[in-house]
Amino acid sequence: MEQAMNLQQRMDTTKETATFYRVFAMIAAGMILDGADVYLASAVSSAIVSTHFATLAQGSVFLSSGFLGLFFGSIFAGFIGDFLGRRKAYSTNLLIFGVLTLGAAFATNIWMLVGLRFFAAIGLGAEIVTGYALINEFAPIKNRGRWSGVTSVIANLAAPLTLLLAASVIPRYTWRAMFVIVGVLALILWVVRRHFPESPRWLIVRGEYDKAEKIIEKLEVNGSYSTNDSSVKRQPVKTRIGIGLLVATVAVSAVNLTQYTFTSWMPTLLIKQGIEVVHSLTFSAVMMAGAPIGALLVDVIGRKKVIVSAFVMTAVFGMIYSQQHTTVGILTVGFLVVSMMYILMASVVGVYMSELFPTYFRFRGTGYANGVAKILTVLTPYFAAWAITQFSANLIFYFIAAVALIAAIVVAVYGPETKQKAIY
C-alpha cells in the first residue's frame, strides 16, 4: 500500500515532459478523428441521398447506425480498458474504425454501407471514453483540468475542418473519398499509437508496480511540482461509483442533448422565422470561442462553479433566443447560447466526467455515461420533429432549458468538487 501511494503521489506531481507531450498529441489527434466522424456522417448522408444512392429514410438509418455503434463501442471500451488495460483499448479501436471506414468507401449498396458504418462506429466509440480518461490519468493534478480542457478544444476543431474538407472533396471526388481519407488517417494514427505507454495509474491499481515505476521515471525527467504547492497538497477527492454515474450520466447527456438539438435545428428554426443567417461554418467557428474559455476557467474557479453556471446560462439564453425575431438578435443570443454549450463540452465531457470515478472503474464509468448520452441523442431528433410539426418550435427551447436546469441541480447537489485534487 505504501509503495502504491508513493507512486500515485509521484504521478500527481510530475512536470510535463516530452513523453507527456507525445501522449497528449496522440490523444488530441484521436479526439479530432472522433469529432470529425459526426460531421463526416452528416455530409455523407446528404450526398448519398442527393445522388440517389439512398432514400431519405435510408439516410436516416445510416446516421442512426453510427450513433448505435458509438453506444456499443463506449460500453465495450469501458470493460476492455478497466480489465485488460488502457493501452489495449486504445490500440485496437482505431484499427477497427480505420479498416471498416476504408471499406465503406467501396460499399455497393446502402445496407452494406449501414453495416460497415455500424461496426466502424463501435471502434470509434472507444475513442471519447479512452481519450479524456487517459489525459486525466497522465496529466499532473496541478494542470489536469487545463490539459483535459485543451483536449476538448482541439476536438472541437473537427467541426470546421471536416466541413471544409467535405465541401472541397465530395463535389469533386464523391462521398466515397471522404471514407478513404478518414480511414487512412485513422490507420496512420493507429500505427503511431502502437507504442503508446500503459497508464501508470492503471498499473498501480493492478499491483504492477515495477512496470509503473519505469513509465513514471520517463515522466519525471523534468522534475516535479513542489509538494508545498497548495494544489498538490490537497486531500484526494473521495469518489463513489453510484454518485459518479448519476452526475456523469445526467451532465454528459444534458451537454449532448442541448448542443445537438440546438445546433441541428437552428437552421430549420431560422427558416421557419423567415430569417437568413450567415454561412453556418463561419457562424459555428465563431461560436466555438466558448470552448477555450471553459478550458481555462475549470482550473481557476473550479469545476462545479463553471458547470452549474454554464448550465443555468444555457437555459436562460435558450429561452431568450426563442423570443428573438431579428437577425442581429438571433446571431447575438445564438452566439451566447452556443458559447455556453462549448464551455460545457470542455468542462463536463473533457474534464469533469473522468474525475468522477476511481481509477479501477474510470473507463466503465465514462463508457456508461457516454453510452446513455448517445442513445438519447438518437431519440431526440424524433422528439424535435414531432414538437415542431405538432406544436411550436419554441417547445424545443423549453426542452433545452429544462434539461440544462435539471443537470445544473444534479451537479450542484451531488457533484464533488475535483479541482486540482488527486483521484485514486
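**Exercise 1. Helices α4 and α8**

Task: In this predicted model, determine how the axes of helix α4 and helix α8 are arranged and which residues form the contact.

Solution. Step 1: helix α4 spans residues 86-104 and helix α8 spans residues 176-192. Their axes come within 7 Å and cross at roughly 155°.

Step 2: angles over 145 degrees count as roughly antiparallel. α4 and α8 are therefore roughly antiparallel to each other. The crossing of this pair, α4 and α8, is left-handed.

Step 3: on the α4 side the contact consists of Ser91, Leu94, Leu95, Phe97, Gly98, Val99, Thr101, Leu102 and Ala104. On the α8 side these meet Arg176, Phe179, Val180, Val182, Gly183, Val184, Ala186, Leu187, Leu189 and Trp190.

Step 4: sorted by class, the residues of the contact of α4 with α8 are 14 nonpolar, four polar and one charged.

**Exercise 2. Helices α2 and α3**

Task: Describe the crossing of α2 and α3, and give the classes of the residues in their contact.

Solution. Step 1: the axes of α2 and helix α3 (residues 56-83) cross at roughly 160° and come within 9 Å. That makes α2 roughly antiparallel to α3, and the crossing is right-handed.

Step 2: α2 contributes Ala41, Ser42, Val44, Ser45, Ile48 and Val49, while α3 contributes Leu56, Gly59, Phe62 and Leu63. The classes in the contact of α2 with α3 are seven nonpolar, three polar and no charged.

**Exercise 3. Helices α15 and α16**

Task: Work out the relative direction of α15 and α16 from the angle at which they pack.

Solution. Step 1: helix α15 (residues 303-321) packs with α16 at an angle of about 150°, and the axes are 9 Å apart. That makes α15 roughly antiparallel to α16.

Step 2: α15 and α16 have a left-handed crossing. The contact of α15 with α16 holds 19 nonpolar, four polar and three charged residues.

**Exercise 4. Nonpolar cores**

Task: Find the residues that touch the most other members of the largest nonpolar core, and the helix that supplies its largest share.

Solution. Step 1: the largest nonpolar core has 79 residues. Phe20, Ile27, Phe196, Phe262, Phe311, Val348 and Val349 touch the most other members. Helix α16 (residues 327-355) gives the largest share of this core, 15 residues.

Step 2: take valine 348 as a case. Apart from neighbours within four places in sequence, valine 348 is in contact with Ala251, Val252, Val255, Ile307, Phe311 and Met353.

Step 3: there is also a second, separate core of 34 residues, with Ala104, Leu116, Leu124 and Ala166 among them.

**Exercise 5. Two loop residues**

Task: Decide whether threonine 17 and arginine 193 are buried or exposed, and list what each touches.

Solution. Step 1: threonine 17 sits in the loop between α1 (2-13) and α2 (18-50). The cut-off for buried is under 20% relative accessible area. Threonine 17 has 1% relative accessibility, so threonine 17 counts as buried.

Step 2: setting aside neighbours within four places in sequence, threonine 17 is in contact with Lys218, Leu219, Glu220, Val221 and Asn222.

Step 3: arginine 193 sits in the loop between α8 and α9 (200-205). With a relative accessible area of 2%, arginine 193 is buried.

Step 4: not counting residues up to four places away in sequence, arginine 193 touches Met26, Gly30, Tyr90, Asn93, Leu94 and Glu127. For glycine 30, the C-alpha to C-alpha separation from arginine 193 is 9.7 Å, although the two are 163 residues apart in sequence.

Conventions. Residues are numbered from 1 along each chain as its sequence is written. This is a predicted model: local features need pLDDT of at least 70, side-chain atom pairs count only at pLDDT 80 or more; totals for chains, interfaces and linings use all residues. Side-chain values use heavy atoms; hydrogens and water are left out. Axes are lines fitted to C-alpha atoms, for helices over the stretch in contact, and angles run from 0 to 180 degrees between N-to-C directions. Helices (H or I, at least four residues) and strands (E, at least two) are DSSP runs, numbered from the N terminus. Angles under 35 degrees count as roughly parallel, over 145 as roughly antiparallel, 65 to 115 as roughly perpendicular and the rest as oblique. A crossing is left-handed if the near helix is turned anticlockwise from the far one by less than a right angle, and right-handed if clockwise. Contact means heavy atoms within 4.5 Å. Ala, Val, Leu, Ile, Met, Phe, Trp, Tyr, Cys and Pro count as nonpolar, Asp, Glu, Lys and Arg as charged, and the others, Gly among them, as polar. A nonpolar core is a set of buried Ala, Val, Leu, Ile, Met, Phe, Trp, Tyr and Cys residues joined through side-chain atoms within 4.5 Å. Buried means under 20% relative accessible area, exposed over 50%, partly exposed in between (1.4 Å probe, protein chains only).
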